Structures are given as structure tokens and as C-alpha cells.
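Work through the exercises below with the model open beside you. Try each task before reading its solution.

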Amino acid sequence: MPSENAPENAIEIRDVTKRYAGTRKAPPKEALRGLSFDVPQGQVFGLLGPNGAGKSTLINIMAGLVTKTSGTISIWGHDIDHDHRNAKLNIGIVPQEIVFDPFFTPFEVLENQGGMYGVAKHLRRSEELLRAVHLSDKRNAYARTLSGGMKRRLLIAKAMVHSPPILVLDEPTAGVDVELRRQLWELVQQLNHEGVTVVLTTHYLEEAEQLCDRIAIINHGQLIANKPTRELVGLMGEKVVAVTVDRDITALPADPRFRKCVKAGERVIEVTYDKAEMTAGQVLGLLQDQGFTVEDVSTREADLEDVFVQLTSAAA
Ligand code: ADP
Ligand code: MG
């Protein structure tokens, strides 16, 4: 767990690039293109981005599974190239892909991992970790008999055997049911309350919104946003009004104050506007002036999804 001399930033990423040489199955690919950002100590940090953005590549570089092409990464103040051992001791990583030796029990998996990290027998926390991830009753089951969700929880426990101050989770809740997702969120929050800095990648914007103090968004291997969650979500105080009109839409209304105007259905127009600049009433007035008869209206605050779509499409 974090010591008194915790660094200000748990992780520092500088100008990291990764070029995959390509294989028979995959063409060469520039997966990371000069990525730089910091993960402040003590936070739950969300790394977001569409499929193929480079999230797993970055995490696998930190885990030592992929070699970066250039740039530097420092983990808890230790450079991963020059001080590999200390960097590794200060981070626990749960990769996206689940891999286990199917013939070990959860207890054995944790004990073996403890051994690998040189944790003395009397200092191991296998039982405690199994309890934390709700797997005590599966202590002696073969890993291959565990459900997908149980395996994921076991992987989290495995990443924590050496009590690192940083835990990194790559898509921890992908393909996981609602109940288990909630359990994982609780676990993440509990670890964070105990002082662990958590980095997670996710596809679920709601998850990022609820769990993360700060969110970085990457697209095509480049950083396109990095802000406290609240700031990102409230980005420019945007609001969205969806208007159902009385006929099929052939041309969209236009106004310089519209941030965005899209056809969201045969007869639905969605206008994004800035609350500081206009009101929903003014949007409706403009639509009527431009010949649309309004049949139904709903409004909502812009959420992370809108911000995400806006940022990723702008950078595409
Ligand atoms: P994400 O986790 O954000 O979905 P990845 O880091 O897995 O993204 O992938 C980033 C890009 O690099 C993708 O275009 C992917 O196809 C490519 N890629 C990943 N691994 C390899 C590899 N071993 N060889 C070639 N290309 C790869
Ligand atoms: Mg991935």
C-alpha cells in the first residue's frame, strides 16, 4: 500500500510510441503516437477510447508484455526501462485477456504469484484477498471450473498479492453481468479508499462517469482529452434537445448557435446547444421558423457519451 513517500504522480507517460511490425494476420500498425500524460496518485483514473485506440497496447507496455518503440514510462517514480524491478513491484496489472493455468485452485494461483514476487509465506494475503473478491468458497476449486466473472475477480486478487500501490485493470467489466459489474465497482472503490491508485480502461461510459476522478480519452494512439470527470461531463454546459417533427426530414435546420444538429430518426432532429447561449425554447422557435412542425420534445444534459462522440469524431 502507499507509503509516506508516495510520489505526486503514480504513473508518468512521456512521448510513448508503439509501432507493431505486423504479422501474417495483422498489418503494421502505429498503435501509439506520442502519448504523454500523468496518473495522479490516489485517484481512480479512467482510460477511455474506442476499440483499437491503443489502450491495451499502453497497458501491456506497462506490464512488460509489449515493448514500446520510444518514449518513457515511470511507475511510482521508477523508470520501466532503467529500474524495471522497482517499477514492477509497484504495480499490479489485470490484462484484458483472461489466462490461467486451469489446474491450479484460486488459493494456489495466489500463493504461486506471491512466490513469484518473493512475498514471504507469513506475509502472504491469499485468504484475505480471496475474501475481498468473494471467492473464499472457491478456494479449492480448479480455476477452469470458475465462471468468467469469478476468473476476473481472481485475476484482480492475483494482481494485488504483492500489495502494489497501483492497480491497473484493462476492461474489467467487459462482458460481465450487471450484478458482477456492481461488485467489481465496489471492489475498485474499496481498494481506492485504502489508498490504491486505480487505472481502468472501459467501454462503459457510465462506469467511467461513476467511478473515475479523472478521465483521459485516447483515439488512434493519441490523447484527445484529459480532465477531471466532472469537467469533462459538464464540458461547455451542453444540452441536447430531441425534437420529433411531423414529416420525414429532408434537410436539417441550421443555426450558428447549434453545436451540433443531427437526424436521430426518420422524424427526429437532435440539436446540441450551449446552455449559456440559448434555451430549448429558442431552439424550438428556430425550428418552427424554418418550417418544422414540432410534435414532441425531450431534453437532456449532454453526458459523457456526447462528449466522447464529439471528441472522437473531431479527431478522426
Ligand atoms: P484497444 O485496447 O484500445 O482496443 P489495442 O491496443 O488492442 O487497442 O490496439 C491498438 C491497435 O494496434 C489496433 O489497431 C490493433 O489492431 C493493433 N494491434 C494490437 N496488437 C497488435 C499486434 N500484435 N500486431 C499488430 N497490430 C496490433
Ligand atoms: Mg483493449
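The exercises concern a predicted model and cover a ligand and two pockets.

**Exercise 1. Find the residues that surround ligand 1 and sort them by class.**

Solution.
- Step 1. Collect the residues with a heavy atom within 4 Å of the ligand. They are Tyr20, Ala26, Lys29, Ala31, Pro50, Asn51, Gly52, Ala53, Gly54, Lys55, Ser56 and Thr57.
- Step 2. Sort this shell by class. Five residues are nonpolar, five are polar and two are charged.
- Step 3. Assign the shell to secondary structure. The largest share, three residues, belongs to α1.

**Exercise 2. Which atoms lie 3.4 Å, 2.8 Å and 2.9 Å from oxygen atoms of ligand 1?**

Solution.
- Step 1. Apply the cut-off for a polar contact, a pair of N or O atoms within 3.5 Å.
- Step 2. Check the side chains. Lys55 places a side-chain N or O atom 2.8 Å from a ligand oxygen, and for Asn51 a polar side-chain atom is 3.4 Å from an oxygen of ligand 1.
- Step 3. Check the backbone. At Ser56, a backbone N or O atom is found 2.9 Å from a ligand oxygen.
- Step 4. Turn to coverage. Alone, ligand 1 has 560 Å² of accessible area, and the protein covers 69% of that.

**Exercise 3. Locate ligand 1 among the pockets and describe the pocket that holds it.**

Solution.
- Step 1. Place the ligand. Ligand 1 occupies the second largest pocket. In the shell around the ligand, β2 (29-40) and α1 (55-62) are the elements giving two or more residues.
- Step 2. State the volume of this pocket, which is about 410 Å³.
- Step 3. List the lining. It has 21 residues, and Tyr20, Gly52, Gly54, Ser56 and Thr57 are closest to the pocket centre.
- Step 4. Name the elements. β2 and α1 each give two or more residues to this lining, and α1 gives the most, with four.
- Step 5. Sort the lining by class. Seven residues are nonpolar, nine polar and five charged.

**Exercise 4. Describe the largest pocket by volume, lining and class.**

Solution.
- Step 1. The volume of the largest pocket is about 720 Å³.
- Step 2. Its lining consists of 32 residues, with Ala63, Lys88, Ile93, Gln113 and Tyr117 nearest the centre.
- Step 3. Elements giving two or more residues to this lining are α1, α2 (84-89), β6 (91-94), α3 (106-116) and α5 (148-159). The most, four residues, come from α3.
- Step 4. By class, the lining of the largest pocket holds 19 nonpolar, seven polar and six charged residues.

Key:
Residues numbered from 1 in each chain as written. Chains lettered and ligands numbered in written order. Predicted model: local features only at pLDDT ≥ 70, side-chain atom pairs only at ≥ 80, totals over all residues. Heavy atoms only, no water. Polar contact = N/O pair within 3.5 Å; in protein donor to acceptor, adjacent residues only side chain to side chain. Areas by Shrake-Rupley, 256 points an atom, 1.4 Å probe, with all protein chains shown as cover. 1 Å grid on protein atoms, 1.4 Å probe; cavity = no way out; pocket = protein on both sides within 12 Å on 5 of 7 lines; lining within 4 Å. Sits in = over half its atoms within 2 Å of the grid points. Nonpolar A, V, L, I, M, F, W, Y, C, P; charged D, E, K, R; others polar. Points joined across faces, edges and corners; volume = space filled by probe spheres on them.
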